[in-house]
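Open the model in your viewer and keep the selection box at hand. We will go from stop to stop, picking a few residues at a time and looking at what surrounds them.

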Amino acid sequence: MTHAPKLLFADPKGRVMEHPYLIATLRSGEELVPPQDKPIALPAAGRLVHLPGRLPVGLNPDSGELELVREMKVGGKTFVPNAVGALLPPGYTRTFLPGEVKGSGPVLPQWAYTAAAWGEKGPLAWAIHTDRRSHWEPEAYSTPELQGLVSAHMERFPDSRVLKQLKTCALLYRCFTSQNIFYARDEGAIPASVMCNARCVGCISDQPADGPPASHERMDDGPSAEEMAAIGLYHLEHAPGRTMVSFGQGCEGEPLTRWKFIAESIRLMRAKTDKGSININTNASLTHGLRALLDAGLDAVRVSLNSASKGLYEAYYKPVKYGWEDVEASIALARERGAYLALNLLLFPGVTDREGEVQALENLVRKYRVDQVQTRSLCIDPLQYLEVARGVGAGGEPVGIRTLLQRLKAARPGLIIGNFARGLDERENAAGSPEV
């Protein structure tokens, strides 16, 4: 094991270091396991992060036993180390979580913590490069001209509540779909709703007092149909190539709670242009609302879910006045009406890839002929999600994220697995997705 990946740890100031002899461990659900599968070099836009209050667990290469690292001494100073993970740029899907256990720290901020280690040539991460299309490369965002583009667009629509929210998302949170509205390219966000009929444990815009700090601030005033249509129409008419507007982003509630306003905005846009695609990111809770949007001209539906089994879905989403049956009815409707149907699958190693969960997902993509699975590494404290998932949903041993993705592709020939939405001209005769 000369070149076995070394355990990483951080001092109290967050400085990351390599352990002198322990090998990194990985977490898959409840289990800590030795290095396996295929780590990759940490992408250039990725970064290592420390997990405050989490103790690293390493593997002793001599004994083969796991060792909990409670104390380290570096440069004459003794301290309690923090575990280390990686954060990945868009286009990557993690396969394992960091090998750590809870110490005395708080609930972790909402990020998709990925197993990391130090390899022969530098930092490693356990992930798959699931979408190699380059138009979402981080280098293309938060560029020096963005501030000027924001100002110019705000001058075009000075009273727009849509742009007021998107300005914050683009400049403060550096949201790519929000920035696209100002760059006038690709998939652009149109926030629509302040309300939500789910209480997702990992919601990034609304958290209880005892939860982690929300990473985004939800919009506080729902825009009119005319405001949404104005921003959407400008984007559809001015963005070249794979043009798309999307309702339902992370900085808002559930868009279907305002389906009447969105339906009218779609009608206003389609009355003036037939360019591009109109998509909704949704929990698919209100089938009658989705039907109205499809009647108005919606052509793409991306359904967010963490599971295709009722128990685990409802344990995480905590739906209010709807259930898994409503989600499946909306998926069936989207398929019946010929919309481009994608799943926004919130992946969590060791839970999403349980044998029973994999079978439920296979059945879903096969039954409804799903066009695309967009993998999303669930942004949540790993131990927090394990508490949610413990004892609920479909069981069985984890098969691995890589195997899960392979089985989904086999279950639905032609299924695209990636991280980014496909524009109208990319949906027909798609070349498929990278091997996993």
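Select Ser28 and Glu31 to begin: Ser28 stands opposite Glu31, a residue of β4. This is a predicted model, so read every distance and angle on this tour as computed from predicted coordinates. Now widen the selection to residues 26-28, which make up strand β3. Strand β3 pairs with β4 in the antiparallel sense, over three bridges. Add β13 and you have an open sheet of three strands, in the order β4-β3-β13, with antiparallel pairing. At its edges are β4 (31-33) and β13 (97-98), each of which pairs on one side only.

**Next stop: helix α10**

Keep β3 and β13 on screen and select residues 382-389, helix α10. How many of the eight residues of this helix are buried? Seven are, which leaves the helix mostly covered. The buried ones are Pro382, Leu383, Gln384, Tyr385, Leu386, Val388 and Ala389. The cover over them includes the strands β3 and β13 that you already have on screen, along with β7 (54-59), β14 (100-102) and helix α7 (310-317).

Zoom in on the start of α10 and show Asp381 as sticks. One of its side-chain oxygens reaches to within 2.9 Å of the backbone nitrogen of Leu383. Then move to what follows the helix: Gly391 has a positive phi, near 80°.

**The aromatic cluster and the core**

Stay with Tyr385 and add Tyr313, Tyr316, Tyr317, Trp324 and Phe348: ring pairs link these six residues into a cluster. Two of the cluster, Tyr316 and Tyr385, also stand out in the largest nonpolar core, which has 89 residues. Together with Phe247 and Leu305, they touch the most other members of that core.

Centre the view on Tyr316 and show its surroundings. Leaving out residues up to four places away in sequence, Tyr316 touches Tyr385 and Val388, both among the buried residues of α10. Its other contacts include Arg199, Cys200, Val201, Gly202 and Cys203, as well as Leu346, Leu378 and Ile380.

**A glutamate inside: Glu357**

Select Glu357, in helix α9 (residues 355-367). Is this residue buried or exposed? With a relative accessible area of 1%, Glu357 is buried, because the cut-off for that label is under 20%. Measure from its C-alpha to that of Ser307 and you should get 6.9 Å, although the two residues are 50 apart in sequence. Ser307 is one of the residues that Glu357 touches, not counting residues up to four places away in sequence; others include Ala308, Leu312, Thr352 and Gly395.

**Across to strand β1**

Now select residues 6-10, strand β1. Four of its five residues are buried, so β1 is largely enclosed by the rest of the structure. Add strand β2 (residues 16-24), which pairs with β1 in the antiparallel sense over four bridges. Look for Leu8 opposite Glu18 of β2. The two strands form a hairpin with five residues between them, and Gly14 in the turn has a positive phi of about 90°.

β1 has another partner, strand β11 (residues 82-87), in an antiparallel pairing over two bridges. Here Phe9 is opposite Ala83 of β11.

**Ring pairs and an arginine**

A search of the whole structure finds twelve aromatic pairs. Select Trp136 and Tyr141 for a stacked one, with 5.9 Å from centre to centre and 15° between the planes. Both of these residues are buried. For a pair with another geometry, show Phe157 and Tyr234: the planes are at 85° and the centres 6.0 Å apart, so this pair is edge-to-face. Phe157 lies in the loop between α1 (146-156) and α2 (161-171) and Tyr234 in helix α4 (residues 225-238), so the pair ties together parts 77 residues apart in sequence.

Return to Tyr141 and add Arg185. The charged end of Arg185 sits over the ring of Tyr141, 4.6 Å from the centre. That charged end also sits over the ring of Tyr183, 3.9 Å from the centre.

**Last stop: Thr130**

Finish in the loop between β17 (127-129) and α1, where you will find Thr130. Its relative accessibility is 2%, so Thr130 counts as buried. Show Thr93 as well: a polar contact of 2.8 Å joins the side chains of the two threonines.

Technical notes:
Residues are numbered from 1 along each chain as its sequence is written. This is a predicted model: local features need pLDDT of at least 70, side-chain atom pairs count only at pLDDT 80 or more; totals for chains, interfaces and linings use all residues. Side-chain values use heavy atoms; hydrogens and water are left out. Two strands pair if DSSP finds at least two bridges between them. Buried means under 20% relative accessible area, exposed over 50%, partly exposed in between (1.4 Å probe, protein chains only). Contact means heavy atoms within 4.5 Å. A polar contact is a pair of N or O atoms within 3.5 Å; within protein, one must be able to donate a hydrogen and the other to accept it, and residues adjacent in sequence count only if both atoms are side-chain atoms. A nonpolar core is a set of buried Ala, Val, Leu, Ile, Met, Phe, Trp, Tyr and Cys residues joined through side-chain atoms within 4.5 Å. Rings of Phe, Tyr and Trp (its six-membered ring) pair if their centres lie within 6.5 Å; planes under 30 degrees apart count as stacked, over 60 as edge-to-face and the rest as tilted. A charge sits over a ring if NZ of Lys or CZ of Arg is within 6 Å of the ring centre and within 35 degrees of the ring normal.
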